[in-house]
Amino acid sequence: MEKLIEILEEIQPEVDYSACTDLVDGHYLDSLSILSLVADLEDAFDITIPTVEIIPDNFNSADSLWKMILRLQEEG
Amino acid sequence: MVYVKRGISVLTFFMGLTIFLVMLSFLFVPKNNMTEFGMEEVTANGILGEKENTIDVIVLGDSESYTSISPMHIFKETGYTAYVCGTSGQQLSYTKTMLHRAFEKQSPKIVIMETNAIFRKVSTVKAIVAKLSDFFSVFQYHNRWKSLNLNDIKGKVKFTWVNDFKGYQYRDGVSSGMDKDYMKPTDEVAGIPLLNLNYIDKIKSFCDENGAQLVFLSTPSTKNWNYSRHNAIRQLADELSCEYVDLNLLPAEVPINWNRDTYDKGDHLNYSGAVKVTNFLLKYLGKTQLLTDHRSDPAYEKWHDSLKKYEADIAEKLK
Amino acid sequence: MFHFQSYFSVQYLVFLLPITVILYAFLPQKARRVVLLVSSYLFFWAISGKLIVYLLFSTLSIHHIGLWLSRIQTDEEQRLQVTVKEQRKEIKACFLKKQRMVMAFAVILHIGILLTLKYTPFFASNVNTLFDFLHIGISVKIPSFLLPIGISFYTLQAVSYLFDVYRRKIPADQNLFRLALFMGFFPQIMEGPICRYSDTAHQLWEAPSIKWQNLTFGIQRILFGVMKKMVIADRLNLLIQNVFGKPQSYDGFVIMIVMVCYTIQLYMDFSGTMDLVIGSAQIFGVKLPENFQRPFFSRTISEFWKRWHITLGTWFKDYIFYPLSMSKPLKKLTARARKKVGNHFGPLLSGAIALFCVWVCNGLWHGAGWHYLFFGMYHFGLILCGNIVEPFVVRATGKLKIQRDSGWYRGMQIVRTGILVCVGELFFRAEGLRLGLDMFKKMFTNFTLTTLHDGKLFSFGMDRYDFLIVFVALIVIFMVSIWQEKGISLRAQIAAKPIALRYAVYYTLILAIVIFGAYGAGYVPVDPIYASF
């Protein structure tokens, strides 16, 4: 989880990730930063994020992102 | 219980809305028949300023009507009083409005309907706005919010303006139109939109109720008229048992010279063409024996004033 | 019998919608679905006549292809269950290939119809220009097709449905009529919003009974939309037509005013239509996705496009941008680029390629014309620049100790974004790219305030009163927007107020439309701008 926050902060430092729940809907992450994020996450957690997973529900908060990562790791 | 309550509240809502619309209609209706007061189509609506029960004949229709018929010429020759309530591109919804307006203070014996307007499709929106305007004139005059003043709030409606040309609109210039074959006989019948037929029915029954005779008149125009349209109106006139006169088929009585009598290649007539049509029309009106000569009637003194101005104006323009 | 020009026609507002609502209200659930479907096809028929076969064909084909995909998927699962782990990958790949073939066929079919109908004339005329240029004495006959209404919208819905089935986001629908309603629902068929199957299909099919609150909220929203359209968009129309029709005769200042007016008109027309559409659907208890989220409060162009025509933007994002940028070659590119140019600029490269495709599509989706393409490229450029410059701006503002969250900085960003958008819309509306460029140039080379001083500005199609009333109406909309931005539901607030106040709101809206609406003699209503895309 810390690693995730670190990655997020590198991409967009102006957000409080512990509290924010509308990263996408609140226009904090635009599509290009999501691309960076996906690339970072895939590297850092050794997962592949398929296109279907890129929906606001998964990307709106650090929490939901973390859940998605865990799920994808399990599925391997 | 909830439904009853809601029903009542919806009902009161619409009653309130109606009251507002009525109030606004009083506010927005033009208080005089001049452009400065927000009146539309002033030449046609000049009839509102005429003295009560002085008009014998009204003419309805589009630009064909007000370029082809000169009421002052009729008055000069016969003493009959006519008024042209034609407006540019008139749709039958407005024709009906003008008819009703004219009959508010006048009781004409003859209503002449220029037939070109019968073929102009009335848009549904126009028809509905016209219907609404019958009840709430705010729908027609809403744009007057730009020029509302104190007088509109307290003022009474009083129409004072009269038009010396009685609705005729003078046109000069010549641009010849050489379509000699435009009245080639055919069996085809031009179509009249359903909504338009409905309007004509209403106009006819309004005339019947008010004791006026409805006459269809097709003025000469190579651009707008043809034989299939003639057939359509012929049929319509027969169905409604109206008189129908098609001047396009009467070259002997109305000898239009398409080289000289039109200003826009046969679409409309210029002054010389209008005189020819009017000369025919005044004889036609005489034959009906419904009308009387008002020239020596003191009640029509104002018409003589108008005639003087009209003649001076025409003489000036013809120079 | 019917002739609809737009949702703002008497035919829709006085006949089709109320009659449908009344029938819907008094019939049982199963019949309500039928009412919606019949009204939808009636509406389509009234506008496009026989061309309804295109819609029917698209509906039938996605129904069939959806089931086809679903058969392949169940087949795959069955096969996977009986095979050993080592072979599973192979089987997966094999079935993926099958599904891809089906999808390719489906996409070519649907997008192909759209492209053929919409773009062959453009393509043919450009081929002719090229031949002419090369002095080849051949000319292609330029065909012209009648476009069924809303084809640009429902085709995207069809494709999104198939993609979602393909991605197993949703199961394929067995029920043809549910799909038909999803594709053709009459309030949204003409100008969107572009819906997803998962958002609306089941809502529509459920056909809940009419609720008082939905009815009143829906009507309020419709009235608000009509106000936007009739009081503002239609009133601006004459001025805009005059100036864009003959830009040579106006100076830079007038062009600037009209550029802003056109942007306002476009926003009011489209968002007003959306208010009417979403309000209509709300009456039936259907929640359509929003298409606007106060776009003119955006701080960047990229944000603007997330708040303007949202459903189109998300469609492009989900079905073009991410699939492209996450595709294998581009992912490899990203990985390599990140090593060389770092974390910020690395993904930018593949992102830019995908973004480029999105904006070519976006530009062309709006119409077959070079100026639309230019419009797309303009926004592509702006978004890309914004992303490249971003880290430098952050550093610069940091050094200069500028508070990026302060009110004036935000305000500056909002104004800047607004200006950039207006300039884009100038090219969008201009009759051809060359005229657009001329008009743009004029704002700098021929800028005088004389028309304002001598009052001539008020003779080009809008007088002082017109400007005044548009201004007042915009203030009202601005206030409403601020409330919405703060997350306050205005309609819920109104509903909680006493009856007299609630009535006053309705009366004000209705009477404002009656008095200040630009209808009747002397006005030409705007053609539904987005319906022709």
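Here are some exercises, each with a worked solution, on a predicted model with chains A, B and C.

**Exercise 1. Work out which chains touch each other.**

Start with the pair that stays apart. No contact joins chain A and chain B, and their closest C-alpha atoms lie 39 Å apart. Next, look at chain A and chain C: 11 residues of chain A are in contact with 19 residues of chain C. Then turn to the other side, where 15 residues of chain C are in contact with 19 residues of chain B. To finish, rank them: of the two pairs of chains that touch, B and C have the most contacts.

**Exercise 2. Describe the side of chain A that touches chain C.**

Take the count to begin with: chain A brings 11 residues to its contact with chain C. Now ask where they come from. Helix H2 of chain A, residues 31-45, gives the largest share, five residues. Then sort that side by class, and you get five nonpolar, four polar and two charged residues.

While you're on chain A, check how confident the prediction is. The mean pLDDT of chain A is 82, and 99% of the residues score at least 70. Within chain A, confidence is lowest in H2(A), with a mean of 81, and highest in helix H4 (residues 62-75) of chain A, at 86.

**Exercise 3. Do the same for the side of chain C that touches chain B.**

Chain C puts 15 residues in contact with chain B. Two elements of chain C give two or more residues to this side: helix H1 (10-26) and helix H20 (499-516). H20(C) supplies the largest share, eight residues. By class, this side of chain C has 12 nonpolar and three polar residues, with no charged ones.

**Exercise 4. Judge whether the overall size of chain B fits a compact globule.**

First, the make-up: chain B has 12 helices and five strands. For 319 residues, a compact globule would have a radius of gyration near 20 Å; chain B comes out at 21 Å, so the two agree. If you'd like the extents too, the C-alpha trace of chain B spans about 75 × 50 × 35 Å along its principal axes. Next, 39% of the 319 residues of chain B count as buried. Last, take the contacts in chain B with a separation of 6 or more: 82% of them come from residues 24 or more positions apart.

**Exercise 5. Decide whether B:Leu269 is buried or exposed, and find what surrounds it.**

Locate the residue: B:Leu269 sits in the loop between strand E5 (243-246) and helix H11 (271-288) of chain B. Now count. The cut-off for buried is 20 or more other C-beta atoms within 10 Å. B:Leu269 has 26 C-beta neighbours inside 10 Å, so B:Leu269 counts as buried. Then set aside neighbours within four places in sequence, and the contacts of B:Leu269 are B:Thr67, B:Ser68, B:Pro220, B:Asp261, B:Thr262, B:Ala274 and B:Val277. For a sense of distance, B:Phe136 is 133 residues from B:Leu269 in sequence and 37 Å away in space, C-alpha to C-alpha.

**Exercise 6. Give chain C the same size check, then split it into domains.**

Chain C has 20 helices and zero strands. With 533 residues, a compact globule would have a radius of gyration near 24 Å, and chain C has 25 Å, so that agrees as well. Of those 533 residues, 38% count as buried.

Now for the split. Domain 1 of chain C covers 10-209, while domain 2 covers 215-293 + 303-310 + 360-532. Their centres, taken over C-alpha atoms, are 30 Å apart. The contact between them takes 22 residues from domain 1 and 19 residues from domain 2. On the domain 1 side, the elements giving two or more residues are H1, helix H4 (85-133), helix H7 (186-189) and helix H8 (197-206) of chain C. By class, that side has 14 nonpolar, five polar and three charged residues.

**Exercise 7. Follow helix H15 of chain C and find what covers its buried residues.**

Helix H15 of chain C runs over residues 407-429, 23 residues in total, and reaches 33 Å from first C-alpha to last, close to the 33 Å expected at 1.5 Å a residue. Its buried residues are C:Thr417, C:Val421, C:Gly424, C:Leu426, C:Phe427, C:Phe428 and C:Arg429. What covers these includes helices H9 (212-245), H10 (252-283), H11 (301-307), H14 (370-399) and H16 (433-445) of chain C.

Definitions and conventions:
Residues numbered from 1 in each chain as written. Chains lettered and ligands numbered in written order. Predicted model: local features only at pLDDT ≥ 70, side-chain atom pairs only at ≥ 80, totals over all residues. Contact = placed C-beta atoms within 7 Å. Helix = DSSP H or I, 4+ residues; strand = E, 2+ residues; numbered from the N terminus. Nonpolar A, V, L, I, M, F, W, Y, C, P; charged D, E, K, R; others polar. Expected span 1.5 Å × (residues − 1). Buried ≥ 20, exposed ≤ 12 C-beta atoms within 10 Å, placed from the backbone. Rg over C-alpha atoms; globule rule 2.2 N^0.38 Å. Domains from an automatic or database assignment. pLDDT = per-residue confidence, 0-100.
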